[in-house]
Amino acid sequence: MAFTVKQKEAEEEEAYRMEEYDDDDEGEEEEAWDDWEGDEGERESEFACLFCDSHYSSCGSLFEHCASLHHFDFHAVRAALNLDFYASFKLINFIRSQVAEIRCWNCGLAFQCNRDLQNHLHDVVDFSEIKTLWNDDKYLIPFMQDDSLLYSFGECDEEGEDEQITPIDEDLIKDLMNIEESNLGNQDAVKTMIVDDDKHDACRRNEIASISNDQLNMASSSNKEFTNGKDLRHVLCSDKDPKGGHLLGDSQNQIVKHIRKVNENYFGSYSSFGIHREMLSDKERMDAYGQAILKNPSLLTGAVVMDVGCGTGILSLFSAKAGASRVIAVEASAKMAAVASQVAKDNGLWLSKSQSGVDVLQKGVIEVVHGMVEEIDKTVELEPHSVDVLLSEWMGYCLLYESMLGSVLYARDRWLKPGGAILPDTATIFVAGFGKGATSLPFWENVCNFDMSCIGKELVTDAARIPIVDVVDSQDLVTSSAILQSFDLATMKPDEVDFTATATLEVKPTASGNKVRHLNSKTCCWCYGVVLWFETGFTSRFCRETPALLSTSPYTPKTHWSQTILTFREPIAMGLLKQMGFGKENGDEQEAIGTDVYPAVKIDLRISIVRSTEHRSIDISLEAAGVGPDGRKRSWPAQIFTLQ
């Protein structure tokens, strides 16, 4: 919007000057044109205040103004939090976005008018509590177009700050400018995505799914709805071409250094032996992979195997034991690559080669390759499409967290033989509704015979903003389970990792006891949200002798993946139609569906899971609509969760 106003002002000024000098000679006209260009140049060099309409000729004077009038000392905040260029860039965009929402950037308090906000602004009380507020890559996209401050604040560093603050990288500036230009060119696409429900419906499974619109398509609502503190109009959807009506979710691809840093942190986190002990101690995990590899001799005997993300090398060891002729173990963590090599060597399975390339240890078959699977072409002696079996334990929380599936699919397309096996070869995400027992409410309702339910209610409210990874007892599920999405890893395309799917949940016939409440001769239970889990299959397509299944369901023994919990802002009352004692003919159309007076008989869900702008994280959009006994529906505003 700021760009449009500025452009309009420029056009009006140009028209005014052209009219004023229309009768002058050519020299005067050129002089006037030069003057106009000079005025415009000065306009572009102005620095807009973060909090008010003031403009300054330098960022230094701007920051002095912010410190003295708005209680915001930019240099002090950078120094106290040791912010590098990225974080400082995000901070500026974060503050501008909060001021646009008439919200205090510091404490989050919202106001009715900007004047009240200006009077409220205060110094930072606790630096440790604010740093995470702008830790989101969406703030790498300029909130205000032509924001000179974003590319000049580094020049205003106070003396001595250079030792603490990362200097501005010219290549990075170019990357960020490219993002701004791309974002500018797609404002119309953004507006189209928000306003036009039909355009939103185009973001379906056969494309990279977008984060959900403000409301479930079954019911309309205001486009001004805010979800989890975020204006849905600013949510980044996917990596899709902007011509398809999407925002530029692939902005992280333009910031190579940031991705490299995230990858280093990600792979570095797997250098902790504690994580590997947890995974190796997961009986369900180890049994499924062990059965698939060790009990299918027709698949593994004499096979060339690639293990993507080998970690300690346990799957490679299984493969060698099963009779593989060669095992290429790929590991991006330098430490774990060395560990996997040592483990293979200690077990007499390491393939060591002399400088001449002649095998020194003939019985060894495991060779560990350090690097990302997308980058090993020059470091491994392997012809494309020459692998018989592709192995990987790539699954993250909610199946898709960590975004490692993309690397596995790359390895499949690059290295796997036509008709070769990929293990596991199927993956399925399930969803079900959970009741009060899966929340913290029961604990806080009776603490040593004292009522502390106010704490429990606050925790449930907070849980509606972030996904929770925890173990859910199957007895606390109040609805039937449903398949949300299935993947065929042997045939799926990389862009099908992002998806939008629907599911319908109905009350479990066995919902009874403390989960059911009897009200006015009706029987209902309360659904507080949904829980997601996954299963991966080693099917008979490749594991002909002994298929296997790895499940993270609440109905099976727990795993280190647990389940992923998404909490509704308000619980939805549900009931079995035959138990509620009324049907279509005596439903009260004045009552709100999903209340104890008029429970829903089922809940229709629409869920999108897409790769987040924060590399290796995922965004989850949840939309719910209660369906009454008479078929009427009530929709709740969409909720956005980021698993990171």
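A salt bridge is taken here as a side-chain nitrogen of Lys or Arg within 4 Å of a carboxyl oxygen of Asp or Glu. The model is predicted, so local features need pLDDT of at least 70 and side-chain atom pairs count only at pLDDT 80 or more, while totals for chains, interfaces and linings use all residues. Residues are numbered from 1 along each chain as its sequence is written, and side-chain values use heavy atoms, with hydrogens and water left out.

**Exercise 1. Find the salt bridges of Arg541 and Arg632, and state how buried or exposed their members are.**

Step 1. A search of the whole structure finds 17 salt bridges. In one of them the side chains of Arg632 and Asp630 meet at 2.8 Å, N to O.

Step 2. Buried means under 20% relative accessible area, exposed over 50%, and partly exposed in between, with a 1.4 Å probe and protein chains only. Asp630, at 18% relative accessibility, therefore counts as buried, whereas Arg632, at 25%, counts as partly exposed.

Step 3. Asp425 forms a salt bridge with Arg541, the closest N and O atoms being 2.9 Å apart. This pair links distant parts of the chain, 116 residues apart, with Asp425 in the loop between β9 and β10 and Arg541 in the loop between β15 and β16 (548–551). Strands and helices are DSSP runs numbered from the N terminus, with E and at least two residues for strands, and H or I and at least four residues for helices.

Step 4. The side chains of Arg541 and Asp488 also meet in a salt bridge (2.9 Å, N to O), and here the partners are 53 residues apart, Asp488 belonging to strand β12 (residues 482–488).

Step 5. Asp425 is buried, with a relative accessible area of 0%; Arg541 is partly exposed at 33%, and Asp488 is partly exposed at 28%. Asp425, Asp488 and Arg541 are linked in a network of salt bridges.

Step 6. Contact means heavy atoms within 4.5 Å. Not counting residues up to four places away in sequence, Asp425 touches a set of residues including Phe487, Asp488, Phe538 and Arg541.

**Exercise 2. Describe the surroundings of strand β19 and identify its partner strands.**

Step 1. Ten of the ten residues of β19 (residues 618–627) are buried, so the strand is largely enclosed by the rest of the structure. Ile618, Ile620, Leu622, Ala624 and Gly626 point one way, while Asp619, Ser621, Glu623, Ala625 and Val627 point the other way. In a regular strand the side chains alternate between the two faces of the sheet.

Step 2. Two strands pair if DSSP finds at least two bridges between them. Ten bridges join β18 (residues 602–611) to β19 in the antiparallel sense, and within this pair Arg606 stands opposite Glu623. Six residues lie between the strands of this hairpin, where Arg616 takes a positive phi near 75°.

Step 3. Five bridges join β19 to β21 (residues 639–643), again antiparallel, with Thr642 as the bridge partner of Asp619.

Step 4. With β20 (residues 633–635), β19 pairs in the antiparallel sense over three bridges, and Lys633 is the bridge partner of Val627. The hairpin of β19 and β20 has five residues between the strands, and Gly631 in the turn has a positive phi of about 90°.

**Exercise 3. Work out the strand order of the open five-strand sheet, and relate the sheet to helix α16 and to the contacts of Met306.**

Step 1. The order is β7-β6-β5-β8-β9, with parallel pairing. β7 (366–370) and β9 (416–423) stand at the edges with a single partner strand each, so one side of each is left without a neighbour in the sheet.

Step 2. The twist averages 25° from one strand to the next. Strand β8 (residues 387–392) pairs with β9 over four bridges, and Leu390 stands opposite Ile422 in β9.

Step 3. Helix α16 (residues 405–415) lies across β5 (304–308), β8 and β9, running at about 150° to β9; axes are lines fitted to C-alpha atoms, for helices over the stretch in contact, and angles run from 0 to 180 degrees between N-to-C directions.

Step 4. Met306 touches, among others beyond four places in sequence, Val387, Leu390, Ala411 and Trp415.
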